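Me: Hi, could you walk me through this one? I'm new to reading structures, so short answers are great.

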Amino acid sequence: MTGDNLIFTLASCAFFMGLVGWISWYKTRGTADTKDGYFLAGRGLGATFIAGSLLLTNLSAEQLIGLNGSAYGFNMSSMGWEVTAAVATIAMALVFLPRYLAGAFTTLPQFLNDRFDPTVRRMSVVLFMLGYGLVTIPSVLYSGSLAVIALFDVPALTGLGDFEALVAMVVVIGVTGSIYAVFGGLRAVAISDTLNGIGLLIIGILVPVFGLIALGGGDFGAGLTQLTTENTEKLNAIGSASDPTPFGTIFTGMIFANLFYWCTNQYVIQRTLGAQSLAEGQKGVLFSGFFKILVPFMMMIPGVIAFHLYGPGLGTIDEAYPRLIRDVLPVYLSGFFLAVLLGAVFSSFNSLLNSAATLFSLDVYAPAMGGRASDTQLVRVAKIASVVIALFSFVVAPMLALAPEGLWQIIRIFTGFYNIPTVVIVIVGLFTARVPALGAKVVIVFHVVTYAVLRFVLEDAVTLHFIHQYAILFVVEVAIMLACGSLAPRKEAWCFTRNEQVDMTPWHFAKPLAVTLFSCVIAAYLLFSPLGAASADGPGAVFAALIGALIIGNAAVWLTAARRRAA
């Protein structure tokens with residue numbers, strides 16, 4: 001990149017980032033002074049901001065590189081994590097969100113306190129805070145910084161060494177992201193996420209288009225033909241046992257991992273808890289599910305295009321997307337792309353920071369004060385906590401570069417320490433009335449000990465895929481909680497206490513749209529399978545018949561819904 005191009009890139013990036021920052025500030029003036037205003041955006045988020053924030057919270061820079069790298073080096077099997085997440089958004093919209101909003105909960109531990117007792121609340125807060133503070137937030141900063149460095153060769157542009165460039169990017173990304181989280185609260189985070197999400201969608205469409213034009217020697221159609229007729233095994237999402245994501249895992253532990261992430265993970269569900277109504281919340285969650293269906297097209301097809309352009313000879317699979325961007329993206333879009341890339345990193349970072357501060361303020365500080373803390377005190381404590389956590393993450397994030405193998409191993413498995421017990425406790429808590437707090441406490445301790453033994457002591461002996469282990473642990477832990485409910489039930493059955501703060505009328509099209517969304521999940525797997533694009537002969541009659549059946553089924557569902565609506 002020449003000097004003039006660099007100046008143009010940085011200037012245009014600053015312009016787009018400044019525009020997002022100004023709009024976020026303008027829309028949040030005077031709205032973040034109260035508890036609900038700061039932590040839940042005044043319970044005023046509409047479907048657009050919920051969907052946009054969920055999209056950007058879930059997608060970050062390392063996924064751009066990682067998913068495309070997986071498609072380049074293997075096939076489309078890793079789309080399982082993204083596409084099947086749509087099923088979890090259906091569960092969130094139809095099952096979990098109505099309960100959360102009816103109870104007017106601000107945090108998940110608050111619900112666990114209501115359902116079980118304060119000890120379960122404290123145990124869940126400890127798990128979340130350790131996960132966010134020690135691993136998740138620093139890893140987002142680290143991996144996001146690496147992505148920016150890889151895509152724009154920051155050491156060469158700045159003259160800094162590799163580690164110095166990493167530290168500089170961590171600080172720049174961290175400080176900028178902290179501004180949204182500390183001063184604007186959830187509303188500023190949601191607005192900036194939505195604006196950056198629009199940019200991500202634009203880039204997500206343009207990169208495959210430019211890639212196909214390059215593949216076809218200037219002809220988009222020729223590039224598309226080559227993509228769909230040569231090396232079609234790359235378009236197969238039905239993963240074998242040797243692929244990154246074996247197909248069987250989407251029916252076992254991946255279900256529960258996605259349920260945790262989309263239905264019980266504080267930093268994801270917090271924007272849904274700020275919905276202005278149940279209907280708006282359901283719309284936003286379901287719309288975000290449709291965005292997940294688009295991820296293979298935006299974040300994996302470019303990796304397949306890179307394989308066609310460069311062959312299997314790149315140094316590592318993670319070089320595929322940065323190389324493609326440098327080769328096909330016009331200079332005039334480089335600043336916009338950098339702004340979108342940074343926005344994706346900011347989103348994950350500031351969402352995590354906001355949620356960690358929310359947990360500390362409402363589930364640690366507020367109970368310690370005996371419920372006497374004012375809204376002003378709670379917001380002030382949250383801002384201080386945000387600054388402290390951010391500064392701590394600035395120190396931890398660069399350390400990942402010093403011992404990447406050990407620390408990356410911890411990052412990969414740490415979520416497993418609290419995802420399954422959390423979703424078990426919430427599901428059993430929601431759908432039973434006699435299971436006591438003892439069951440939740442036993443499950444948390446059992447899971448942490450068992451999972452630690454499986455991952456650190458018996459890792460070589462137990463060869464079962466860790467996602468399948470999730471499923472087994474889920475079944476065992478549900479059984480433990482039900483056994484506790486049978487042997488030592490609550491003296492009084494738990495009764496859900498309604499505390500509705502928003503309109504709880506469900507969206508009348510939520511169920512038919514959920515059917516359509518689930519059909520899109522099936523269609524995506526049919527498309528990227530030996531019945532569809534992964535066939536050397538292209539999609540055949542069976543593929544057409546199955547897609548036709550999905551279309552007819554959806555038409556019937558929507559006609560029925562329309563008739564009921566009109567009746």
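Me: Let's start with Cys520: buried, exposed or partly exposed?
Reply: Cys520 counts as partly exposed, at 25% relative accessibility. Buried means under 20% relative accessible area, exposed means over 50%, and partly exposed is in between, using a 1.4 Å probe and protein chains only. Before we go on, this is a predicted model, where local features need pLDDT of at least 70, side-chain atom pairs count only at pLDDT 80 or more, and totals for chains, interfaces and linings use all residues. Residues are numbered from 1 along each chain as its sequence is written, and side-chain values use heavy atoms, leaving out hydrogens and water.

Me: Why isn't Cys520 in a disulfide?
Reply: The closest cysteine sulfur belongs to Cys263 and is 19 Å from the sulfur of Cys520, so that is too far for a bond. A disulfide here is a pair of cysteine sulfur atoms within 2.5 Å.

Me: Ok, and how many disulfides turn up in the whole structure?
Reply: The search finds zero disulfides. Another cysteine you can look up is Cys484, which is buried at 14% relative accessibility.

Me: Switching topic: how many salt bridges are there?
Reply: Seven salt bridges come up in a search of the whole structure. For each one, a side-chain nitrogen of Lys or Arg has to be within 4 Å of a carboxyl oxygen of Asp or Glu.

Me: Which residue does Lys441 pair with?
Reply: Lys441 pairs with Asp117, and their closest N and O atoms are 2.9 Å apart. This pair links distant parts of the chain, 324 residues apart: Lys441 is in helix α21 (residues 437-457), while Asp117 is in the loop between α7 (108-115) and α8 (118-152). Helices (H or I, at least four residues) and strands (E, at least two) are DSSP runs, numbered from the N terminus.

Me: What about the surroundings, is each partner buried or partly exposed?
Reply: One of each! Lys441 is partly exposed at 24% relative accessible area, whereas Asp117 is buried at 17%.

Me: Got another salt bridge for me?
Reply: Sure, Arg455 and Glu459 meet in one, at 3.8 Å from N to O. Arg455 is buried, with 6% relative accessibility, and Glu459 is partly exposed at 33%. There is also a salt bridge between Glu500 and Arg498, at 2.5 Å from N to O. In that pair, Glu500 is partly exposed at 39% and Arg498 is exposed at 51%.

Me: I also spotted His447. Where does it lie?
Reply: His447 is in helix α21. With a relative accessible area of 0%, His447 is buried.

Me: Which residues does His447 touch?
Reply: Leaving out residues up to four places away in sequence, His447 touches Gly416, Phe417, Ile420, Pro421, Ala452, Leu473 and Glu477. Contact means heavy atoms within 4.5 Å.

Me: Are there holes inside too? How many cavities of 30 Å³ or more are found?
Reply: The search finds three cavities of 30 Å³ or more. On a 1 Å grid over the protein atoms alone, a cavity is a set of points where a 1.4 Å probe fits but cannot get out, a pocket is an open set with protein on both sides within 12 Å along at least five of seven lines, and lining residues have an atom within 4 Å of a point. Grid points are joined across faces, edges and corners, and a volume is the space filled by probe spheres set on the points.

Me: What lines the second largest cavity?
Reply: Its lining is Leu64, Leu200, Ile203, Gly204, Met298, Met299, Tyr321, Phe337 and Val340. The elements giving two or more residues are α10 (162-215), α14 (278-299) and α17 (334-368), and α10 gives the most, with three. The space inside is about 50 Å³.

Me: How does that lining divide into nonpolar, polar and charged?
Reply: There are eight nonpolar residues, one polar and no charged. Ala, Val, Leu, Ile, Met, Phe, Trp, Tyr, Cys and Pro count as nonpolar, Asp, Glu, Lys and Arg as charged, and the others, Gly among them, as polar.

Me: And how much space lies in the second largest pocket?
Reply: About 390 Å³. It is lined by 18 residues, with Thr84, Val87, Ile250, Phe251 and Val521 nearest its centre. Helix α23 gives the most to this lining, with five residues. By class, the pocket lining has 15 nonpolar, three polar and no charged residues.
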